[in-house]
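Could you walk me through this protein, step by step, in a way that a newcomer can follow? Please begin with one pair of side chains and build up from there.

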Amino acid sequence: MTRKVTDVTHLNDCRPANPWQRVTAALQTWRTRRHEHAPPSDDTESPAPEPVPGANTLWRMRTTVRDEPGSLAALCTALAEHRVDILSLQTHPLAEGTVDEFLLRAPGELPASAISTAVRSAGGTDTWIERADAHDLVDAPTRILGLAARTALDAAELPLALRQLLGRCTIRSQPAPADGGLASDGVPVEGALDDTVMRLRAPEGGVITVERPYLPFTPTEFARARALVELDSRLGPRVPHGRDVLSLAEGSDITVRRADTRDLEAARAMHERCSDRTLKLRYHGPVGDADRYLNHLLSPRFGRTLAVQTASGRLVGLGHLLWDGDETEVALIVEDAWQRRGIGGELLGRLVAMARDAGCTSVYAVTQASNTGMVAAMRGLGLPLDYQVEEGTLVITARLSESDAERVSSLGNASAP
């Protein structure tokens with residue numbers, strides 16, 4: 001499940017209604033209290049460490065200039081007067097004027113406010129600036145080609161590619177209606193751009209909504225995002241074909257691999273073999289419409305799924321890494337007869353490693369205090385954990401760092417309950 005139950009997020013339109021009503025209010029209250037993460041609308045300068053003499057700082061900056069000869073030259077001159085070096089420049093033409101996007105290298109002691117003032121004096125308007133890092137040194141064509149290659153190899157990469165392409169933004173997917181029609185919402189086939197919100201038709205008929213309240217999208221960005229979605233649509237369903245064969249403590253061999261909607265029948269059969277208690281712990285109630293629910297969870301549009309198979313090919317476990325707006329949820333279900341053999345911990349460790357590779361800073365699991373297996377698996381990660389309890393619903397958040405996630409990915413069965 002997802003924490004923001006009352007908004008249109010990736011599970012709203014395909015979950016059974018009644019089982020979730022008990023936790024909706026609690027999770028909404030919890031999320032509202034925790035999330036105050038909207039970026040500032042203008043100067044995004046954050047508290048910086050004490051400047052080191054002679055050191056430089058990288059900045060990303062956008063500003064709108066008049067589309068006339070000399071306007072860009074005046075801007076460059078103003079920056080040069082403050083010893084600011086322009087490392088790269090992209091132009092985003094508008095109906096009136098041009099949005100120029102810069103990667104700047106400035107003296108470490110020069111604050112963002114001074115750069116903004118200099119740009120304003122040279123005729124720049126609607127200036128936005130934030131700190132950059134070494135990853136921004138890759139030129140735009142190279143970065144876009146890399147994102148396209150990642151999307152071509154794995155359908156689950158599309159939301160991540162869009163976020164890396166467009167910067168800090170929230171991406172939500174609305175599935176197509178259950179009757180098989182398209183999710184209209186007034187979105188034309190070519191998509192729609194409205195200042196800080198763009199909506200794109202997903203290949204399977206749903207709608208992908210991208211929001212960036214702190215910085216309006218340009219037509220150039222909209223065209224790039226639409227091209228990525230079109231590439232995804234043309235390539236069709238795809239997941240990496242790698243698989244690992246592992247030996248459990250008692251000697252049984254299992255195979256862990258990526259899964260998608262082509263595994264729907266096997267996943268449904270596994271759910272039918274699960275006890276009511278296992279289903280209730282996973283879904284906080286019975287699954288009344290398993291076909292639609294599992295079709296959603298297995299879709300790479302909303303995240304990544306790992307499947308566990310026995311030597312005979314029977315599917316006995318699923319682990320989901322779900323993109324929840326700008327956050328990431330982990331969820332597990334293991335068939336009763338295969339529980340307490342280390343499968344849950346194996347899946348969880350791999351999901352956390354994938355979350356780290358995707359640039360996530362945390363993952364959360366929504367469960368119940370009585371789900372001792374999931375609680376123990378989260379503790380077995382050895383990561384800093386936050387606990388929130390609201391009306392019987394337990395939300396466990398694991399904070400990730402690169403070194404921690406690399407260590408977790410090597411824990412394997414040892415991290416299982």
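**Starting from one salt bridge**

In this predicted model, let us begin with R168 and E130, whose side chains meet in a salt bridge with an N to O distance of 2.7 Å. R168 lies in the loop between α5 and β5 (170–174), while E130 belongs to strand β4 (residues 125–131), so the pair ties together parts that are 38 residues apart in sequence. How do the two partners sit relative to the surface? R168 is partly exposed, with a relative accessible area of 38%. E130 has a relative accessibility of 11%, and because anything under 20% counts as buried, it falls in that class.

Now let us look at other pairs of this kind. The count of salt bridges in the model comes to 24. One of them joins R273 and E335, whose side chains meet at 3.0 Å, N to O. This pair also links distant parts of the chain: R273 is in helix α7 (residues 264–273), E335 is in the loop between β13 (327–334) and α10 (343–357), and the two are 62 residues apart. R273 is partly exposed at a relative accessible area of 30%, whereas E335 counts as buried at 6% relative accessibility. Salt bridges can also share partners, and in this way R60, R62, E101, E130, D136, R168, R212 and E221 are joined into one network. You will recognise R168 and E130, the pair we started with, among the members of that network.

Next, turn to R150 and E157, whose side chains form a salt bridge of 2.5 Å, N to O. R150 is partly exposed, with a relative accessible area of 28%, and E157 counts as buried at 7% relative accessibility.

R150 leads us to a pair of helices, since it is one of the residues of α4 that make the contact with α5. Two packed helices are described by the angle between their axes and the distance between the axes. For helix α4 (residues 140–153) and helix α5 (residues 158–166), the axes come within 9 Å and cross at roughly 170°. Angles over 145 degrees count as roughly antiparallel, and α4 and α5 are therefore roughly antiparallel to each other. On the α4 side the contact is made by R143, I144, L147, R150 and T151, and on the α5 side by L158, L160, A161, Q164 and L165. Sorted by class, the contact of α4 with α5 has 6 nonpolar, 2 polar and 2 charged residues.

For a closer look at a single residue, find L193 in strand β6 (residues 192–194). L193 counts as partly exposed, at 32% relative accessibility. Leaving aside residues up to four places away in sequence, L193 touches M198, F217, T218, P219 and F222. The C-alpha atoms of L193 and P216 are separated by 9.7 Å, and these two residues are 23 apart along the chain.

Finally, how confident is the prediction? The protein averages a pLDDT of 80, and 78% of the residues score at least 70. Among the elements, helix α3 (residues 112–121) has the highest mean pLDDT, 95, and helix α1 (residues 17–34) the lowest, 40. Over residues 1–48 the pLDDT is below 50, although this stretch has 123 contacts in the model beyond near neighbours in sequence. Residues 407–417 also stay under 50, and the model has 28 contacts for them beyond four places in sequence. Where pLDDT is low, the predicted coordinates should not be read in detail.

Notes:
Residues are numbered from 1 along each chain as its sequence is written. Side-chain values use heavy atoms; hydrogens and water are left out. pLDDT is the predictor's confidence in each residue, from 0 to 100. Helices (H or I, at least four residues) and strands (E, at least two) are DSSP runs, numbered from the N terminus. Contact means heavy atoms within 4.5 Å. Axes are lines fitted to C-alpha atoms, for helices over the stretch in contact, and angles run from 0 to 180 degrees between N-to-C directions. Angles under 35 degrees count as roughly parallel, over 145 as roughly antiparallel, 65 to 115 as roughly perpendicular and the rest as oblique. Ala, Val, Leu, Ile, Met, Phe, Trp, Tyr, Cys and Pro count as nonpolar, Asp, Glu, Lys and Arg as charged, and the others, Gly among them, as polar. A salt bridge is a side-chain nitrogen of Lys or Arg within 4 Å of a carboxyl oxygen of Asp or Glu. Buried means under 20% relative accessible area, exposed over 50%, partly exposed in between (1.4 Å probe, protein chains only).
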